[in-house]
Amino acid sequence: MALPSIQQAVRFERTGGPDVLELVEVPVPSPGPGEILIRHAAVGLNFIDIYQRTGLYPLPLPSGLGREAAGLVEAVGDGVTRFRVGDRVATATAPVGAYAQFHVLPESAAVAVPDDVSLETAAAVMLKGMTAEFLVRRAFHVKQGDEILLHAAAGGVGLILAQWAKSLGATVIGTVGSEAKAALARTHGSDHVILYDREDVAVRVKDVTDGRGVAVAYDSVGQSTFESSLASLRKRGTLVLFGNASGPVPPFDPLRLSRGGSLYVTRPTLFDYVATTEELDASAAALFEVIRSGAVKVEIGQTFSLANVREAHEALAGRQTTGSTLLIP
């Protein structure tokens with residue numbers, strides 16, 4: 001297929017709601033030294049995209065959006081050794097701008113996609129899946145017999161993390177916002193499901209664990225779940241905060257951690273856990289292995305065209321999505 005000179009891409013010139021996103025025509029870029037050009041098969045949506053669009057995580061404006069995508073290598077720059085034209089690749093750590101038909105990125109930010117993993121699956125799972133990988137294997141090492149709490153268990157990361165933790169021998173307690181999401185969570189690794197708007201999460205957790213509390217609470221919601229996460233931990237338990245879907249957690253007195261049982265709180269980000277090419281390759285390899293083994297099944301809940309990017313953001317921000325959300329260029 002011939003390489004066009006113009007492509008469609010999403011851009012925004014000011015921060016704000018979904019209405020700031022515009023579909024525009026821009027030149028197809030050429031890869032420089034050490035870079036590759038990808039023709040996207042699919043692009044993944046993530047909450048970090050919303051944080052950047054709203055200005056919570058500031059970007060220099062005007063800007064593109066999106067870091068997660070999969071497709072075929074269309075061109076390579078001088079000195080590229082990891083990939084060749086025609087290779088199937090995916091990325092979750094590319095420079096922003098993946099909401100487009102084509103994207104240039106450093107070869108060190110891409111990984112090879114196995115032939116038996118579809119490009120759509122790779123786009124749906126790279127950022128969320130590698131996030132799940134470092135959460136269950138490195139930010140906190142989940143092991144056989146651990147009881148864990150997982151907020152947003154029917155979300156993109158939640159569905160993957162629950163299955164992965166279950167495959168490691170953990171008991172997963174998931175929280176969701178509806179009966180439909182509860183059913184989805186149960187079929188994707190959650191042993192117990194709590195409807196957070198109808199039940200006291202910490203009380204249910206203590207009931208399920210016979211008063212012990214959980215070894216770790218994974219919290220991507222933030223402000224509205226922070227208190228219940230802390231209250232659900234066992235002595236020396238760990239709270240892993242990895243998102244702010246409901247808003248940032250307010251400042252708190254560290255003495256609360258000692259009073260709660262010598263608790264730990266960490267606020268990691270994926271990019272610090274795939275900071276080198278070796279770490280990136282290892283994380284992606286572990287992710288593709290659990291997919292290929294069947295331990296983790298990837299749920300693509302909904303797809304949107306680039307032209308419907310505003311609708312996609314509204315659905316994601318409004319917690320109206322399940323599993324992963326894709327843009328199809």
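This passage walks through the pockets, the helix packing and two backbone oddities of a predicted model.

Start with the empty space. Rolling a probe the size of a water molecule over the atoms shows where such space is left. Here, the largest pocket comes out at a volume of about 880 Å³. It is lined by 42 residues, and the ones closest to its centre are Phe 47, Tyr 51, Val 157, Ser 220 and Phe 242. Quite a few elements chip in: α1 (47-54), α2 (119-139), α3 (156-167), β9 (171-176), α8 (270-273) and β15 (324-328) each supply at least two residues of the lining. The largest share belongs to α2, with 4 residues. Sorted by class, the lining of the largest pocket holds 21 nonpolar, 17 polar and 4 charged residues.

The second largest pocket has a volume of about 160 Å³. Its lining runs to 13 residues, with Arg 11, Pro 29, Val 96, Gly 97 and His 103 closest to the centre. This time the elements giving two or more residues are strands, namely β1 (6-11), β2 (22-27) and β6 (102-106). Of these, β6 provides the largest share of the lining, 3 residues. The class split for the second largest pocket is 7 nonpolar, 5 polar and 1 charged.

Next comes helix packing. Two packed helices are described by the angle between their axes and the distance between the axes. Helix α2, already met in the lining of the largest pocket, packs against α3 at an angle of about 45 degrees, and the two axes lie 9 Å apart. Angles from 65 to 115 degrees count as roughly perpendicular and those under 35 as roughly parallel, so α2 and α3 are oblique to each other. The crossing of α2 past α3 is right-handed. On the α2 side, the contact uses Val 125, Lys 128, Gly 129, Thr 131, Ala 132, Glu 133, Leu 135, Val 136 and Arg 137, while α3 brings Gly 156, Val 157, Ile 160, Leu 161, Trp 164 and Ala 165. By class, that contact has 9 nonpolar, 3 polar and 3 charged residues. Val 157 thus turns up in the contact with α2 as well as among the residues closest to the centre of the largest pocket.

Helix α2 also packs against α9 (residues 277-293), at an angle of about 105 degrees and with the axes 9 Å apart. The two helices are therefore roughly perpendicular to each other. Ala 122, Val 125, Met 126, Gly 129, Met 130, Glu 133, Arg 137 and Arg 138 of α2 touch Leu 280, Ser 283, Ala 284, Ala 286, Leu 287, Phe 288 and Ile 291 of α9. This set divides into 10 nonpolar, 2 polar and 3 charged residues. Val 125, Gly 129, Glu 133 and Arg 137 of α2 figure in the contact with α3 and also in the one with α9.

A further helix pair is α1 and α10 (residues 309-317), whose axes come within 10 Å and cross at roughly 110 degrees. That angle makes α1 and α10 roughly perpendicular to each other. Phe 47, Asp 49, Ile 50 and Arg 53 of α1 meet His 313, Leu 316 and Ala 317 of α10. The class tally for this contact is 4 nonpolar, 1 polar and 2 charged residues. Phe 47, one of the residues closest to the centre of the largest pocket, is part of this contact too.

Finally, the backbone. Most residues other than glycine have a negative phi, and most peptide bonds are trans. Against that background, the bond joining Leu 61 and Pro 62 is cis, with omega about 0 degrees. Pro 62 sits in the loop between α1 and β4 (68-76). Asp 210 has a positive phi, near 55 degrees, and is found in the loop between α5 (201-208) and β11 (214-219).

Terms used
Residues are numbered from 1 along each chain as its sequence is written. This is a predicted model: local features need pLDDT of at least 70, side-chain atom pairs count only at pLDDT 80 or more; totals for chains, interfaces and linings use all residues. Side-chain values use heavy atoms; hydrogens and water are left out. On a 1 Å grid over the protein atoms alone, a cavity is a set of points where a 1.4 Å probe fits but cannot get out, and a pocket is an open set with protein on both sides within 12 Å along at least five of seven lines; lining residues have an atom within 4 Å of a point. Grid points are joined across faces, edges and corners, and a volume is the space filled by probe spheres set on the points. Ala, Val, Leu, Ile, Met, Phe, Trp, Tyr, Cys and Pro count as nonpolar, Asp, Glu, Lys and Arg as charged, and the others, Gly among them, as polar. Axes are lines fitted to C-alpha atoms, for helices over the stretch in contact, and angles run from 0 to 180 degrees between N-to-C directions. Angles under 35 degrees count as roughly parallel, over 145 as roughly antiparallel, 65 to 115 as roughly perpendicular and the rest as oblique. A crossing is left-handed if the near helix is turned anticlockwise from the far one by less than a right angle, and right-handed if clockwise. Contact means heavy atoms within 4.5 Å.
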